[in-house]
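Colleague: I'm new to this one and would like a close look at a single part of it. Could you pick out the sheet and walk me through what surrounds it?

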Amino acid sequence: MKSRTAATTTPEYSTTDLAFTMGLIAGESSFFITFSRDDRYRHDVYYGPKFAISMGEKEEKMLRNQSQLYDLGTVNKSQKGYQWVISSRAECRELIELIDQYLEQNSSTAFLGAAKHEAYENWRSALELLRPGRQLTADEVVELAELRDGINYIGATNAIPTEEIKELVRAAETEQNVV
């Protein structure tokens, strides 16, 4: 459970809660950077972060408890059960703080040597680009797409390939320079 004191605004979580959550993250989570074609946005693409843990029907309560414990994301019904999803940039940043807090306290954790950690580091770098109030340049949108390629998740069938993102961004940039 979160506890706040007058001296600190950072939530404190029990070692057991953090360890359990990190086990879920290491074993069941997926980190994403999503892209969609959308000419309402600069560079003609919309992009954003996403974190998800998908589990079977019987794990709904556990996922809801995780979401409520950290006050992050939502739990939704999915095709095979339930999914805890965090997709707002602010909440993804809070998740990074949570993971980093655990890693600082547990520098010998096996998570550091896992492929999931590499995916996390790429996702974390992507969120650095997606800082609040910041507009990405064309090169940074391409960098974001390349970071997405370094995250080890199964690519969605509707995912826009990085080469196509490069083409969309360059075409939008050329069109903006002409106008």
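Modeller: Here is a tour of the sheet, starting from the whole protein and then working through the strands, the helices beside them and a few single residues.

Keep in mind that this is a predicted model. The protein has six helices and six strands. Read from the N terminus, its elements come in the order β-β-α-β-β-α-β-β-α-α-α-α. Of its 179 residues, 41% are buried. Among the contacts with a separation of 6 or more, 59% are between residues 24 or more positions apart. As for the outside, about 10,300 Å² is exposed, and carbon and sulfur atoms supply 48% of that.

Now to the sheet itself. Four strands make it up, in the order β3-β4-β6-β5, and it is an open sheet with antiparallel pairing. At the edges sit β3 (29–37) and β5 (74–77), each of which pairs on one side only. From one strand to the next, the twist averages 35 degrees. As background, strands in a sheet pair through backbone hydrogen bonds, and they can do so parallel or antiparallel.

Let's zoom in on β6, residues 81–86, which runs antiparallel to β4, residues 45–56, with six bridges joining the two. One of the residues to click on is Ala52, whose bridge partner in β6 is Val85. Turn to β5 and you'll meet Val85 again, because it is also the bridge partner of Thr74. Four bridges join β5 to β6, and this pair is antiparallel as well. Getting from β5 to β6 takes a hairpin of three residues. How many of the residues of β6 are buried? Six of the six are, so the strand is largely enclosed by the rest of the structure.

What packs against these strands? Helix α3 (residues 89–105) is one answer: it packs on the sheet and touches β3, β4 and β6. The direction of α3 makes about 55 degrees with that of β4. Helix α1 (residues 15–28) lies across β3 and β4, and runs at about 105 degrees to β4.

Helix α4 (residues 115–129) is worth a stop too. Its 15 residues should span 21 Å at 1.5 Å a residue, and the C-alpha atoms at its ends are 22 Å apart, so the two values agree. Several of its residues are buried, including Tyr120, Trp123, Ala126, Leu127 and Leu129. Lys116, His117 and Asn122 are among the buried residues of α4 as well. Their cover includes α1, β3, β4, α3 and α5 (138–149). It helps to know that an α-helix has 3.6 residues a turn, so residues three or four places apart point the same way.

Next, find Gln66 in helix α2 (residues 60–70). Is Gln66 buried or exposed? Its relative accessible area is 6%, and buried means under 20%, so Gln66 counts as buried. Leaving out residues up to four places away in sequence, Gln66 touches Phe20, Thr21, Leu24 and Trp84. With Thr21 there is also a polar contact of 2.6 Å between the side chains. Asp17 is 49 residues from Gln66 along the chain, yet their C-alpha atoms are separated by 8.9 Å.

Finally, two loop residues deserve a look for their backbone angles. Most residues other than glycine have a negative phi. His43 is not a glycine, but it has a positive phi of about 70 degrees. You'll find His43 in the loop between β3 and β4. With 2% relative accessibility, His43 counts as buried. Asp71 is not a glycine either, and its phi is positive at about 55 degrees. This residue belongs to the loop between α2 and β5. Where His43 is buried, Asp71 is exposed, with a relative accessible area of 55%.

To retrace the route on screen, begin at β6, which has β4 and β5 as its neighbours in the sheet. Then look for α3, which touches β3, β4 and β6, and for α1, which lies across β3 and β4.

Methods:
Residues numbered from 1 in each chain as written. Predicted model: local features only at pLDDT ≥ 70, side-chain atom pairs only at ≥ 80, totals over all residues. Heavy atoms only, no water. Axes fitted to C-alpha atoms, helices over the stretch in contact; angles between N-to-C directions. Contact = heavy atoms within 4.5 Å. Expected span 1.5 Å × (residues − 1). Buried < 20%, exposed > 50% of the residue type's maximum accessible area, 1.4 Å probe, protein only. Polar contact = N/O pair within 3.5 Å; in protein donor to acceptor, adjacent residues only side chain to side chain. Areas by Shrake-Rupley, 256 points an atom, 1.4 Å probe, with all protein chains shown as cover.
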